[in-house]
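These are my notebook entries on a structure that I went through by topic. I wrote down what I looked up and what I read off each time.

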Amino acid sequence: MASVAIAPLDVPAAGRTATPRTPKRVLPGFNITLGFTLFYLCLIVLIPLSALVLKTFTLTWEQFWAAVASPRVVASYQLTFGAALIAALVNAFFGLLVAWVLVRYQFPGKKVIDALVDLPFALPTAVAGIALTALLAGNGWIGSLLEPYGISLAFNRNGIVIALIFVGIPFVVRTVQPVLEDAEKELEEAATCLGATRWQTFRFVIFPTIAPALLTGFAMAFARGVGEYGSVIFIAGNMPMVSEITPLIIIGKLEQYDYAGATAVATVMLVASFAMLLVINALQSWQRKRGGAQS
Amino acid sequence: MKLKQQVTLALAAIALTASNLVAAQTALLNVSYDVSREFYKDINTAFTASYKKSTGKDIKIDQSHAGSSAQARAVNDGLDADVVTMNTITDVDFLASTGVVAKDWTKKFPSNAAPTSSTMLFLVRNGNPKGIKDWVDLIKPGIQVIVVNPKTGGNGRMAYLAAWGSVRAKGGTDAQAAEFVAKLYKNVPVLAKGGRDATTIFLQRNIGDVLITFESEVISVDREFGAGKVDSIHPSSSILAENPVAVVERTVAKKGTAEQARAYLNFLYTDEAQEIAAQHAIRPSNPAILKKYANTFKPIKLFTAADYFGSFAEAQKVHFNDGGQFDKLYTVK
């Protein structure tokens with residue numbers, strides 16, 4: 001009650017003291033904004049990352065190469081990027097379906113389901129890993145049903161992909177959803193009136209609208225999958241050459257106090273991820289331009 | 001307005017009291033390994049009481065626990081620990097190499113600065129259905145062995161070295177030991193990340209016939225999963241895994257807590273602390289107390305790292321660093 005009373009008292013007081021002659025601008029100008037953006041990005045992103053790269057410079061070229069190109073490490077790159085790619089593709093398809101259903105249909109419990117989508121964001125990934133392992137291991141609810149058929153989902157590469165699908169799904173749903181909400185239904189109706197089949201409507205009307213958002217979601221799910229450690233580690237089995245992800249290699253190197261080797265592998269991952277994100281961004285802007293030219 | 005003021009006042013009062021409390025009493029930070037939480041909780045209660053009795057002053061011990069080498073890295077990178085109590089010598093050696101603890105830390109306290117030790121043994125399922133008695137049983141076809149990945153856990157490094165040393169203890173050569181270890185790791189379906197992870201895989205996921213782990217883990221298994229789920233098997237020989245302790249000179253010089261830190265670590269050698277260790281299935285260095293708990297600590301032929309590997313540092317280099325013996329198990333077909 002008391003705090004509510006403060007607000008109306010304080011506001012006019014502040015207005016009187018300021019007495020602006022020019023209309024007050026809430027947002028600062030370009031210079032300040034850009035300065036702040038660069039400063040903030042430096043502080044939060046660039047400085048830590050450059051520290052990482054600088055640490056790898058303590059290695060000679062041969063040492064660097066030995067650290068990042070040994071067979072175990074190369075096997076882990078293939079696994080990490082491959083599993084993240086598969087998981088992101090799966091998420092792109094099913095995430096789109098989920099977003100579609102959530103936007104286009106009304107049904108009881110929709111709010112709850114909508115909230116469920118965000119859970120993988122909020123859950124500590126280690127908890128997710130342990131929960132998935134408990135479900136999928138040979139004696140778990142799902143694992144015990146599949147075991148008689150010789151299907152094993154935990155402690156091998158399958159488990160890694162499943163864990164990455166779990167952590168990646170909100171990225172796709174949450175990027176596609178707002179775009180779908182904004183998409184004008186009238187366009188689809190017009191397409192139908194003009195004689196388009198359902199498939200043609202989707203292919204030529206809906207898909208071009210949501211493609212950039214879908215690509216963004218895909219890219220974010222992929223990037224998340226590449227860096228994921230907590231959930232994968234419990235379900236992977238962690239066998240060298242088979243199911244050892246790159247973040248585990250990095251932890252392994254740190255365990256032997258090989259700081260430089262660990263940062264070298266991390267740098268390789270960083271460069272690879274950055275390159276892929278750049279490509280996806282380029283794809284996206286190309287897509288957007290093409291979409292703009294069409295309409 | 002009134003409510004807001006009251007809240008602010010209350011907060012200020014709490015902050016003041018809290019800071020007064022901190023100022024009035026010395027606090028030590030003990031940075032330790034993952035599974036020693038319960039042990040040091042009991043030790044700290046005993047130590048604060050004994051310290052109050054002998055000096056009349058209050059002291060508070062804060063604990064921090066995580067994987068041993070992760071903790072060593074944290075202390076090296078600036079975590080203000082007064083003392084470190086680890087489960088692998090290489091972790092303290094690393095801190096000595098960076099000058100955070102004294103170079104001659106092993107000489108600062110009795111028994112090579114290791115008040116307690118442990119060893120690796122086997123846990124098998126109740127009744128030992130596969131009849132596992134010794135190391136050679138682990139390489140039989142169809143036996144699944146759960147161990148920790150030596151790359152990510154000290155527990156795994158000890159298990160590997162214990163397996164290697166068991167061949168040497170019988171008079172075998174290094175080549176025979178390498179062959180044995182290679183066969184053993186062929187029987188490993190999952191490499192766990194750390195000690196607790198291995199226990200979970202073995203008991204909750206129900207994978208494997210035998211788990212190689214620290215002797216002290218038996219107690220926590222009985223406590224968490226109920227007694228009688230597993231039997232512990234003492235093989236014919238195993239490795240001596242000393243739990244080294246050291247004063248972090250960098251911190252105590254800054255905080256002026258050298259005396260208290262030393263008193264704390266010396267306390268670990270008293271009969272009282274050694275008894276507490278024995279109750280947690282951690283081997284006391286005092287032989288009389290070790291004997292008293294012979295039921296827990298069945299006689300087992302213990303070899304040290306120096307016997308077959310030169311030292312732990314040497315073993316780390318030859319076996320676990322990149323391109324070492326362990327990597328060859330998986331990369332050379």
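**Entry 1: a helix pair in chain B.** I began with the place where B:Ile89, B:Thr90 and B:Asp93 of α4(B) meet B:Phe312, B:Ala313 and B:Gln316 of α15(B), keeping in mind that I was reading a predicted model. Sorted by class, the residues of this contact come out as 3 nonpolar, 2 polar and 1 charged. I then looked up the geometry, since two packed helices are described by the angle between their axes and the distance between the axes. For α4(B), which covers residues 89-97, and α15(B), I noted axes that come within 9 Å and cross at roughly 100 degrees. An angle of 65 to 115 degrees counts as roughly perpendicular, so α4(B) is roughly perpendicular to α15(B).

**Entry 2: the domains of chain B.** Next I asked which stretches the domain assignment of chain B gives to each domain. Domain 1 is 24-114 + 244-268, and domain 2 is 119-241 + 300-331. Taken over C-alpha atoms, the centres of domain 1 and domain 2 of chain B are separated by 28 Å. In their contact I found 10 residues from domain 1 of chain B and 12 residues from domain 2 of chain B. On the domain 1 side, the elements that give two or more residues are α3 and α4 of chain B, and α4(B) gives the most, with 3 residues. The class count for that side of domain 1 is 2 nonpolar, 6 polar and 2 charged.

**Entry 3: the nonpolar core.** I turned to the largest nonpolar core, which has 147 residues, and asked which of them touch the most other members. They are A:Leu164 and A:Val265 in chain A, together with B:Val83, B:Val84, B:Ile146, B:Ala246 and B:Val248 in chain B. Helix α9 of chain A, residues 157-182, supplies the largest share of this core, 13 residues. I also noted that domain 1 and domain 2 of chain B both give residues to this core, so the core lies between them. As general background I wrote that in soluble globular proteins nonpolar side chains tend to be buried together. I followed B:Val248 further and, leaving aside neighbours within four places in sequence, found B:Val248 in contact with B:Val75, B:Ala81, B:Asp82, B:Val83, B:Val84, B:Val100 and B:Val101.

**Entry 4: two polar residues in chain B.** Are B:Ser32 and B:Gln260 buried or exposed? B:Ser32, in strand β1 (residues 26-32) of chain B, counts as buried, with 24 C-beta neighbours inside 10 Å. Not counting residues up to four places away in sequence, B:Ser32 touches B:Tyr40, B:Gln63, B:Ser64, B:His65, B:Gln71 and B:Thr85. From B:Ser32 to B:Val84 I noted 52 residues in sequence and 5.8 Å in space, C-alpha to C-alpha; B:Val84 had already appeared in my core entry. B:Gln260, in helix α11 (residues 258-267) of chain B, also counts as buried, with 22 C-beta neighbours inside 10 Å. Leaving aside neighbours within four places in sequence, B:Gln260 is in contact with B:Thr26, B:Leu28 and B:Ile59. B:Gln260 and B:Asn187 are 73 residues apart in sequence and 48 Å apart in space, C-alpha to C-alpha.

**Entry 5: chain A.** I then looked up the make-up of chain A, which has 14 helices and 0 strands. Of the 295 residues in chain A, 31% are buried. Among the contacts in chain A with a separation of 6 or more, 78% join residues 24 or more positions apart.

**Entry 6: positive phi in chain A.** Most residues other than glycine have a negative phi. I therefore checked A:Phe155, which is not a glycine and yet has a positive phi of about 60 degrees. A:Phe155 sits in the loop between α8 (141-146) and α9 of chain A, and is buried, with 26 other C-beta atoms within 10 Å. A:Asn238 has a positive phi of about 55 degrees, again without being a glycine. The loop that holds A:Asn238 runs between α12 (230-235) and α13 (246-255) of chain A, and with 24 C-beta neighbours inside 10 Å A:Asn238 counts as buried.

**Entry 7: where the chains meet.** Last, I asked how many residues of each chain take part in the contact between chain A and chain B. I found 25 residues of chain B in contact with 25 residues of chain A. On the chain B side, two or more residues come from each of α1 (2-24), α3 (68-76), α15 (312-320) and α16 (325-331). That side divides into 9 nonpolar, 8 polar and 8 charged residues.

Note on methods:
Residues numbered from 1 in each chain as written. Chains lettered and ligands numbered in written order. Predicted model: local features only at pLDDT ≥ 70, side-chain atom pairs only at ≥ 80, totals over all residues. Helix = DSSP H or I, 4+ residues; strand = E, 2+ residues; numbered from the N terminus. Buried ≥ 20, exposed ≤ 12 C-beta atoms within 10 Å, placed from the backbone. Contact = placed C-beta atoms within 7 Å. Nonpolar A, V, L, I, M, F, W, Y, C, P; charged D, E, K, R; others polar. Axes fitted to C-alpha atoms, helices over the stretch in contact; angles between N-to-C directions. Parallel < 35°, antiparallel > 145°, perpendicular 65-115°, else oblique. Domains from an automatic or database assignment. Core = buried A, V, L, I, M, F, W, Y, C linked by C-beta atoms within 7 Å.
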